[in-house]
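Work through the exercises below with the sequence and the structure open. Try each task before reading its solution.

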Amino acid sequence: MEKVKAVARSKSALVFLLLCMMILILSPWADAPSPMNSVAIVPEEMEAAASAEPVMTQEIAELTVEVAMGEQEYQDLVAQNEEFMRDHPDILIELQRINPKQAYSTYKTSSQLEQAADIMLISNEWVIEFASSGYLLPADAAFAGKALAEQFDALAAPLKWNGYLWGVPRDMDPFVLVWNQDMLHEWLGEDIALPLTIEQWTALTEKSALLEGLFSWLAIDREDPLALMAWLENVASQRSDGIWDEDSEPWNGTLFEQALSLLDQNRASLQLIGSTVEAARALKEGTVLAAVIPYSEAAALVDQPRSAPQPKLVVDHYSWKLPFVWPRGNSYVISSNTKAEEAAYTWISEMTRDQTQLRIIEQEGKLPVYRSLYDSDRKLSNLIPGRSGQSFPNQPPLYTGPETSVRLEQMRDLWTRFALGNLTLDEWKEEWSSKE
């Protein structure tokens with residue numbers, strides 16, 4: 001028994017000895033300080049996200065665009081603009097429409113007050129006046145790719161001043177004559193050929209006078225000087241932009257004088273209109289022989305299906321064979337007060353590219369401004385054959401200075417008073433001479 005107890009005591013001593021040794025070995029580690037930084041295992045996705053550059057918020061450019069156009073044209077532009085903003089989410093566009101008849105005064109007043117829209121759609125003949133007055137920025141940067149080389153001289157020349165281009169052409173819509181062909185053949189014979197001579201025009205006025213006002217020989221806008229000049233060009237087969245030449249006497253001993261005299265003497269059988277809607281109605285009703293209206297409206301009118309009582313209508317654009325006729329072009333310009341110049345270039349470039357121009361002629365009937373589009377379309381090439389030459393629209397106007405818009409406004413005043421019978425031909429000549 002004593003032997004067993006002795007063995008138990010020896011085992012307890014051995015265990016105690018081993019515990020003491022373990023305490024001695026581990027005690028330095030227990031007193032050691034904790035590490036300053038802990039190590040964490042980062043998943044690969046989190047590590048990549050941590051090393052990526054911070055995402056910057058995209059800056060939005062805001063533009064106001066003001067256009068002088070009809071309601072339907074404006075709605076077409078609204079649709080085009082919505083497509084643009086979908087493709088360019090960094091550019092926000094606010095479109096505004098103004099009355100075309102108030103466009104000049106509206107644009108000029110807002111520019112003078114430094115409150116003009118960033119982009120304006122204005123008549124080509126106003127561009128240099130606005131540019132020389134400091135209202136615009138050069139627009140050269142808005143001509144993307146081949147756009148500049150595609151421009152016709154009749155459209156581009158009025159936009160050039162001081163070595164820069166100050167506008168980007170959108171469209172053109174020159175005046176033409178629309179004839180009631182049935183009535184024309186009845187009055188002058190089946191073999192009559194267009195354009196008519198001054199003698200043939202005189203015969204038409206005499207025929208109209210005999211009918212005591214039942215049928216007008218001509219319908220023409222009483223306020224638009226370009227309508228008057230389009231008719232003068234047709235009658236005289238001469239370009240009209242040279243009437244302001246210093247050595248010119250356009251109303252003395254010329255075909256222009258004879259044509260103006262014809263208007264003066266036959267005002268009673270002349271139909272003076274305030275809108276082309278009136279002319280279209282008179283043509284369809286057969287109460288007018290010929291009317292001066294824009295090409296877009298003439299083409300739409302002639303293409304309309306007609307019922308049996310309605311006369312056959314034909315478009316006369318023979319004056320386009322002259323070196324120059326007034327193209328009635330519109331161009332986008334950039335206000336000198338804009339804060340988003342680069343965005344303006346982008347928007348104008350998109351709104352004047354070739355596909356947009358094809359869309360404009362399809363929806364509005366206005367002619368495109370790119371030369372190459374006339375090569376690929378038979379109807380267009382028949383209107384304006386060839387990309388170069390001596391006929392419209394390949395030749396520039398004779399004068400493109402800042403006074404052009406002023407001269408046209410003076411012409412508008414003379415023509416309106418003359419058309420309404422408040423100015424005689426002699427008074428016209430006298431006032432014209434005093435303003436030269």
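**Exercise 1. Place Leu184 and describe its surroundings.**

Leu184 is found in helix H7. The model is a predicted one. Next, check the accessibility. Leu184 counts as buried because its relative accessibility is 3%, and the cut-off for buried is under 20%. Then list the contacts, leaving out residues up to four places away in sequence. Leu184 touches Trp179, Gly189, Ile192, Leu194, Leu196, Leu204 and Leu289. Finally, take a C-alpha distance. Leu184 and Trp217 are 33 residues apart along the chain, and their C-alpha atoms are separated by 9.8 Å.

**Exercise 2. Find the negative surface patch and place Glu190 within it.**

Start with the members. Asp182, Glu186, Glu190 and Asp191 form a negative surface patch. Now locate Glu190. It lies in the loop between helix H7 (181-188) and helix H8 (198-210). Then classify Glu190. It is exposed because its relative accessibility is 63%, and exposed means over 50%.

**Exercise 3. Identify two cis peptide bonds and state where their prolines sit.**

Take Leu194 and Pro195. A cis peptide bond joins them, with omega about 0°. Pro195 is found in the loop between H7 and H8. Now take Phe392 and Pro393. They too are joined by a cis peptide bond, with omega about 5°. Pro393 has its place in the loop between helix H16 (378-383) and helix H17 (404-419).

**Exercise 4. Examine the positive phi values of Asn162 and Arg328.**

Begin with Asn162. Its phi is positive, about 60°, although it is not a glycine. Asn162 is found in the loop between strand E5 (160-161) and strand E6 (164-165). Its relative accessible area is 58%, so Asn162 is exposed.

Go on to Arg328. This residue other than glycine has a positive phi near 50°. Arg328 is found in the loop between strand E12 (313-316) and E13. Its relative accessibility is 23%, so Arg328 counts as partly exposed.

**Exercise 5. Is Ser335 buried or exposed, and which residues does it touch?**

First, the element. Ser335 is found in strand E13 (residues 329-335). Second, the accessibility. Ser335 has a relative accessible area of 1%, so it is buried. Third, the contacts, not counting residues up to four places away in sequence. Ser335 touches Ala116, Ala117, Asp118, Met120, Tyr135, Leu136 and Leu137.

**Exercise 6. Trace the packing of helix H12.**

List the buried residues of the helix. In H12 (residues 295-303) they are Tyr295, Ser296, Ala298, Ala299 and Leu301. Recall the helix geometry. An α-helix has 3.6 residues a turn, so residues three or four places apart point the same way. Now name the packing partners. The buried residues of H12 pack against strand E8 (175-180), helix H11 (276-285), strand E11 (290-294), E12, helix H14 (354-364) and H16.

**Exercise 7. Analyse three salt bridges and the elements they link.**

The structure holds 18 salt bridges. Side chains of opposite charge can pair when their charged atoms come close.

Step one: the side chains of Glu129 and Lys108 meet in a salt bridge at 2.8 Å, N to O. The pair links distant parts of the chain, with Glu129 in helix H5 (residues 124-132) and Lys108 in helix H4 (residues 103-112), 21 residues apart. Glu129 is buried because its relative accessible area is 8%. Lys108 has 24%, so it is partly exposed.

Step two: Asp303 forms a salt bridge with Lys379, and their closest N and O atoms are 3.9 Å apart. Asp303 is in helix H12 and Lys379 is in helix H16, so this pair, 76 residues apart, also links distant parts of the chain. Asp303 is exposed, with a relative accessible area of 54%.

Step three: Arg417 forms a salt bridge with Glu431, with closest N and O atoms 2.7 Å apart. The pair links helix H17, which holds Arg417, to helix H18 (residues 425-435), which holds Glu431; the two residues are 14 residues apart. Arg417 counts as partly exposed at 24% relative accessibility. Glu431 is partly exposed, with a relative accessible area of 22%.

Conventions:
Residues numbered from 1 in each chain as written. Predicted model: local features only at pLDDT ≥ 70, side-chain atom pairs only at ≥ 80, totals over all residues. Heavy atoms only, no water. Patch = residues over 30% accessible without salt bridge, like charges linked within 9 Å, V, L, I, M, F, W, Y side chains within 5 Å. Areas by Shrake-Rupley, 256 points an atom, 1.4 Å probe, with all protein chains shown as cover. Salt bridge = Lys/Arg side-chain N within 4 Å of Asp/Glu carboxyl O. Lys, Arg positive; Asp, Glu negative; His and termini not counted. Charge placed at Lys NZ, Arg CZ, Asp CG, Glu CD. Helix = DSSP H or I, 4+ residues; strand = E, 2+ residues; numbered from the N terminus. Buried < 20%, exposed > 50% of the residue type's maximum accessible area, 1.4 Å probe, protein only. Contact = heavy atoms within 4.5 Å.
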